[in-house]
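Work through the exercises below with the sequence and the structure in view. Each task is followed by a solution in steps.

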Amino acid sequence: MADAGLPLGRRDPWTEPPMGLLAELTHRCPLQCPYCSNPLELERASDELSTAEWCRVLDEAEALGVLQVHLSGGEPTARQDLEAIVAHARGLGLYTNLITAGVLLDERRLQALREAGLDHVQLSFQGAKPETSDRIGGYRGGHAKKVAVGRAVRAVGLPLTVNAVVHRQNLDELEDMIGLALELGAHRIEVAHVQYYGWALLNRAALMPTREQLEAATAIVERARRELRGRLVIDYVIPDYWAKRPKPCMGGWGSNVLNVTPQGKVMPCHAAASIPGLTFASVREHPLRWIWQESPAFQVFRGTDWLPEPCRSCERKEIDFGGCRCQALALTGDPTATDPACELSPFHRALFEVASAESTAPPPPFVYRRPMREAPALGPVRLQA
């Protein structure tokens, strides 16, 4: 770990419980979105935690103080035991949210999941038009399936959030995506600009919005919030590359959220494995409580004592905690550096120049994991300061 320059040192066990558990049940997914947040090297299905292992993880999570479980992937509905996992969570009194692309679902299975105790569905859309959505998701016929599933979610009585991941190549459909959320009876839409980790970093030049696109999108969201107040909640996440201040890493590294991978490794966030020198403990080898409270990888960036300057002296240090460690690594080569999204970082100007250059140049083709599939019938660039 020393070669990574990480501020390791023994600290007292962390006593605050996590609020949420992101359960990455599988990395299998029929879509191949060019902004996929999964690692470049996916975990094999044969190595996934079993049903019994996931149920034990949920037992330990509930005992630790977790209140919410977000069932994710990959595509979590690729797991045939999803209903059993949901039912076990319900038996523990945990709130369950299914984060899904929807293309493997139908009304029958949604009804089964509801009966098992599922509380909420978060359904992703890659655009408002079929041709846009299918091209971005790399899955012909996928958009029509998603619309049908969105209607089915409401038909079985489950609340629905539309997850609209936006970027340079679909922002012109933002108003229509908000309209689609209304049409489907969604209670909430999350308009989330792509964040550049993993596969998204590889496709950054094809995805980076222009400053003008960002300003137009922000105006659309602000107007929609005023006009749709009481009908639709709109969450909005802007891209760090155009920001002046960084976002806190999951509310602070190791402060609020546990992320369990398909193989059972436990991390503070989904991209943390990209940081060299950190070893993430597995639920197959250690109790979840020990991993959360005492494991070195959770301690390393927890709190504010480790912060470098100018973060250490900043009045916002307990608001953004120095920003994102994975982004600092990807853009500077140093996970302990101030996030370049902060205007006080020596790398901030270079980040702005990258965003300006990439967003105005002709976009290159998307790099997909594999060739486009049919729906069933029913290199990181590091900055120089």
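**Exercise 1.** Find the bridge partner of valine 260 in S10, and then describe how S9 is placed among its neighbours.

*Solution.* Valine 260 has valine 266 as its bridge partner in S10, where strands are DSSP runs (E) of at least two residues, helices are DSSP runs (H or I) of at least four residues, and both are numbered from the N terminus. This is a predicted model, in which local features need pLDDT of at least 70 and side-chain atom pairs count only at pLDDT 80 or more, while totals for chains, interfaces and linings use all residues. Residues are numbered from 1 along each chain as its sequence is written, and side-chain values use heavy atoms, with hydrogens and water left out.

Next, S9 and S10 pair in the antiparallel sense over 2 bridges, pairing being accepted if DSSP finds at least two bridges between the strands. The two strands form a hairpin with 5 residues between them, and glycine 264 in the turn has a positive phi of about 100°. S9 also pairs with S1, here in the parallel sense and over 4 bridges, and leucine 22 stands opposite asparagine 259 in S9.

Finally, S9 is covered on both faces, since Val257 and Asn259 on one side and Leu258 and Val260 on the other are all buried (buried means under 20% relative accessible area, exposed over 50%, and partly exposed in between, with a 1.4 Å probe and protein chains only).

**Exercise 2.** Give the order of the strands in the open sheet, and state which strands stand at the edges.

*Solution.* The 9 strands follow the order S8-S7-S6-S4-S3-S2-S1-S9-S10, with mixed pairing. Strand S8 (233-237) and strand S10 (266-267) are the edges, and each has a single partner strand, so one side of each is left without a neighbour in the sheet.

Helix H1 packs on this sheet and touches S1, S2 and strand S9 (257-260), its direction making about 170° with that of S1. Contact here means heavy atoms within 4.5 Å, and such angles run from 0 to 180 degrees between N-to-C directions, with axes fitted to C-alpha atoms, for helices over the stretch in contact. Helix H5 (residues 142-155) lies across strand S4 (120-125) and strand S6 (160-166), and runs at about 160° to S4.

**Exercise 3.** Which residues of helix H3 are buried, and which are exposed on the other side?

*Solution.* In H3 (residues 107-116), the buried residues are Arg109, Leu110, Leu113 and Ala116. They lie on the same side of H3 because their arc around the axis is only 120°, an arc taken from the directions that lead from the helix axis to the C-beta atoms. Arg108 and Glu115 are exposed on the other side of H3, while the cover over the buried residues includes H2, strand S3 (95-100), S4 and H5.

**Exercise 4.** Is cysteine 33 buried or partly exposed, and which residues does it contact beyond its neighbours within four places in sequence?

*Solution.* Cysteine 33 is found in the loop between S1 and H1. Its relative accessible area is 12%, and therefore cysteine 33 is buried. Leaving aside neighbours within four places in sequence, cysteine 33 is in contact with Gln126, Ile136, Gly137 and Trp199.
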